[in-house]
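Biologist: I am new to this model, and I would like to go through it slowly, asking how each label was earned. Could you show it to me before we begin?

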Amino acid sequence: MPLSVVLIEPDIPQNTGAIMRLCACLQVPLHLIEPFGFIWDEQKLKRGGLDYLDKVALFRHIDYDHFIADCKPRRRVLFTTHASEAIDNFSFTDDDFLLFGSESRGAPESIHATVDKKIKIPMADNTRSLNLATSIAFVLGAATRRTNHGAATIK
């Protein structure tokens, strides 16, 4: 499996649509782990994803256990504000699965216990978090640049 983005129980369909568009443009597979905090409705997703929704390599999993069984990820990297290691010097690999929790709750503690790495995006003091789509764009920019994957290899 190539470098992939994994959304764990996303809450906001417009964010999910924007992330689908981002992954389509960068040619990065997107895995969505249910349950979602919204009803799957292409109209709501199209608001953020425009006409890119049919261009993304999209995989839906009914829960985290099915995701693990289906994909057998070699390395799971969770991006969380609760990490101690920052993205600055993190060494991405071509087959990393980049995990992101829901907008309202983050990733469940049960998932925190199963990942190989926890990484954070440095932010100013007294700030809580970035928008999920913004965070993923930031991380994919670093990951694709450091691994020559996705958009970095598109001619």
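**The nonpolar cores**

Modeller: This is a predicted model, and a good place to start is its largest nonpolar core, which has 31 residues, among which Val5, Leu7, Leu30, Phe79, Phe92, Leu98 and Phe100 touch the most other members. Two or more residues of this core come from each of S1, H1, strand S2 (30-33), S4, S6 and H5, and H5 gives the most, with seven residues.

Biologist: What does Phe79 touch, leaving out residues up to four places away in sequence?

Modeller: Phe79 touches Ile87, Phe92, Leu98, Leu99, Phe100, Ile119 and Val139. There is also a second, separate core of 12 residues, which includes Ile8, Cys71, Leu99 and Val115.

**Helix H5**

Biologist: How do you know that the span of helix H5 agrees with its number of residues?

Modeller: Helix H5 covers residues 132-147, and at 1.5 Å a residue its 16 residues should span 22 Å; the end C-alpha atoms are 22 Å apart, and therefore the two values agree.

Biologist: What makes Asn131 a cap for the N-terminal end of H5?

Modeller: A side-chain oxygen of Asn131 lies 2.8 Å from the backbone nitrogen of Ala133, and this is within the 3.5 Å allowed for a polar contact. After H5 comes Asn148, whose phi is positive, near 55°.

Biologist: Which elements do the buried residues of H5 pack against?

Modeller: They pack against strand S1 (4-8), helix H1 (13-26), strand S4 (75-79) and strand S6 (96-100); the buried residues of H5 include Leu132, Ile136, Val139 and Leu140.

**His61**

Biologist: Why is His61 called buried?

Modeller: The relative accessible area of His61 is 4%, and buried means under 20%, so His61 is buried. His61 lies in strand S3 (residues 58-61), and its side chain is joined to that of Asp70 by a polar contact of 3.2 Å.

**The cysteines**

Biologist: How many disulfides does a search of the whole structure find?

Modeller: The search finds zero disulfides. Cys23 is in no disulfide, since the nearest cysteine sulfur, that of Cys25, is 9.5 Å away, whereas a disulfide needs sulfur atoms within 2.5 Å.

Biologist: Are Cys23 and Cys25 buried or partly exposed?

Modeller: Cys23 has a relative accessible area of 1%, so Cys23 is buried, while Cys25, with a relative accessible area of 38%, is partly exposed, because that value falls between the 20% and 50% limits.

Technical notes
Residues numbered from 1 in each chain as written. Predicted model: local features only at pLDDT ≥ 70, side-chain atom pairs only at ≥ 80, totals over all residues. Heavy atoms only, no water. Helix = DSSP H or I, 4+ residues; strand = E, 2+ residues; numbered from the N terminus. Buried < 20%, exposed > 50% of the residue type's maximum accessible area, 1.4 Å probe, protein only. Polar contact = N/O pair within 3.5 Å; in protein donor to acceptor, adjacent residues only side chain to side chain. Expected span 1.5 Å × (residues − 1). Contact = heavy atoms within 4.5 Å. Core = buried A, V, L, I, M, F, W, Y, C linked by side-chain atoms within 4.5 Å.
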